[in-house]
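Colleague: I should like to learn how to read the side-chain features of a protein model. Please give the general idea of each feature and then the case at hand.

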Amino acid sequence: MPSSPPAAESSRPGVLLVDKPAGPTSHDVVARVRRERGLKAGHAGTLDPFATGLLIVLVGRDATRCQARFMALPKVYRAVARFGAVSSTGDPEGEITATGRVPPDPLDLPTGPIRQRTPAYSAVRVRGERAYKRARRGEAVNLGVRDVTVYRFEQLWREGERAEFEIECSSGTYVRSLIADLGDAYTESLRRLAIGPFSVDDAGRFLAVDEALARTE
């Protein structure tokens, strides 16, 4: 979670780079920043509670009005997949069912433009309510498909029922779905390494809005 800001920047609008830990929601992180700085705040792309890594927090109206610009940036992730089991949510927080069916190596890792069905357990709003809340109540949620692009999908290692991948993809891509589509698999851990030119290695930095926007050009 972000530490308290220096007094000199506490009330300034800007872009805060946060390394989100596993557990809190993206909303939790934003709410804490909003309380600490006393300014309107939002984020530029959610991370699931189980996921870690880079979260861009937009602080102040000058930053939040540029939200769409930051959200459109491509993302880079590291994901560990567990094979031979499926999850109702595509991650370790769902109901896990062991199947024993492990997809063969090498895997067919899709790249380029693909059509992807938005998972029911997602933050997309359905009639004003998050889809995952409806799914948790047992309601049928059909969110349709969207066009996304996978620029890079590399297997870094594989040992038994687990493998790690690095994935570079367009905004709106669900890594959980990419992993699930490999066969009987779910995403055991997920870390976001980068959003456009912004790296998780720079977490803790607070950038002026103009500086952050210039980096995206």
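Modeller: Let us begin with accessibility: a residue is buried under 20% relative accessible area, exposed over 50%, and partly exposed in between, with a 1.4 Å probe and protein chains only. In this structure R152, at 22% relative accessibility, counts as partly exposed. This is a predicted model, in which local features need pLDDT of at least 70 and side-chain atom pairs count only at pLDDT 80 or more, while totals for chains, interfaces and linings use all residues. Residues are numbered from 1 along each chain as its sequence is written, and side-chain values use heavy atoms, with hydrogens and water left out.

Colleague: Which residues have the most contacts inside the largest nonpolar core?

Modeller: In soluble globular proteins, nonpolar side chains tend to be buried together. A nonpolar core is a set of buried Ala, Val, Leu, Ile, Met, Phe, Trp, Tyr and Cys residues joined through side-chain atoms within 4.5 Å. Here the largest such core has 21 residues, and F83, F153, F165, I167, I179 and L182 have the most contacts inside it. Two or more of its residues come from each of β4 (75–83), β10 (145–159), β11 (162–169), α5 (175–180) and β12 (185–195). These elements are DSSP runs numbered from the N terminus: helices are H or I with at least four residues, and strands are E with at least two. Another core, of 17 residues, lies apart from it and includes V15, A63, L73 and F198.

Colleague: With which residues is L182 in contact, leaving aside its neighbours within four places in sequence?

Modeller: Contact means heavy atoms within 4.5 Å. With those neighbours set aside, L182 touches F83, P103, L107, D108, L109, F153 and F165 in this sense.

Colleague: How should aromatic pairs be read, and how many does the structure hold?

Modeller: Rings of Phe, Tyr and Trp (its six-membered ring) pair if their centres lie within 6.5 Å; planes under 30 degrees apart count as stacked, over 60 as edge-to-face and the rest as tilted. The structure holds two such pairs. The F70 and F198 rings have centres 6.2 Å apart and planes at 50°, so this pair is tilted. F70 belongs to helix α3 (residues 67–71) and F198 to strand β13 (residues 198–199), so the pair ties together parts 128 residues apart in sequence. F70 is buried, at 0% relative accessible area, and F198 is buried, at 0% relative accessibility. For F153 and F165, the ring centres are 5.5 Å apart and the planes lie at 80°, so that pair is edge-to-face. It links distant parts of the chain, with F153 in strand β10 and F165 in strand β11, twelve residues apart. Both F153 and F165 are buried.

Colleague: How many salt bridges are there, and why does the one between R82 and E161 tie together separate parts?

Modeller: A salt bridge is a side-chain nitrogen of Lys or Arg within 4 Å of a carboxyl oxygen of Asp or Glu. By this rule there are 16. R82 and E161 form one of them, at 3.9 Å from N to O. Strand β4 holds R82 and the loop between β10 and β11 holds E161, so the pair joins parts that are 79 residues apart in sequence. E161 is partly exposed, with a relative accessible area of 37%.

Colleague: Which residues are linked in a network of salt bridges?

Modeller: The network links R78, R152, E154, E166 and E168. R152 bridges to E154, with the closest N and O atoms 3.6 Å apart.
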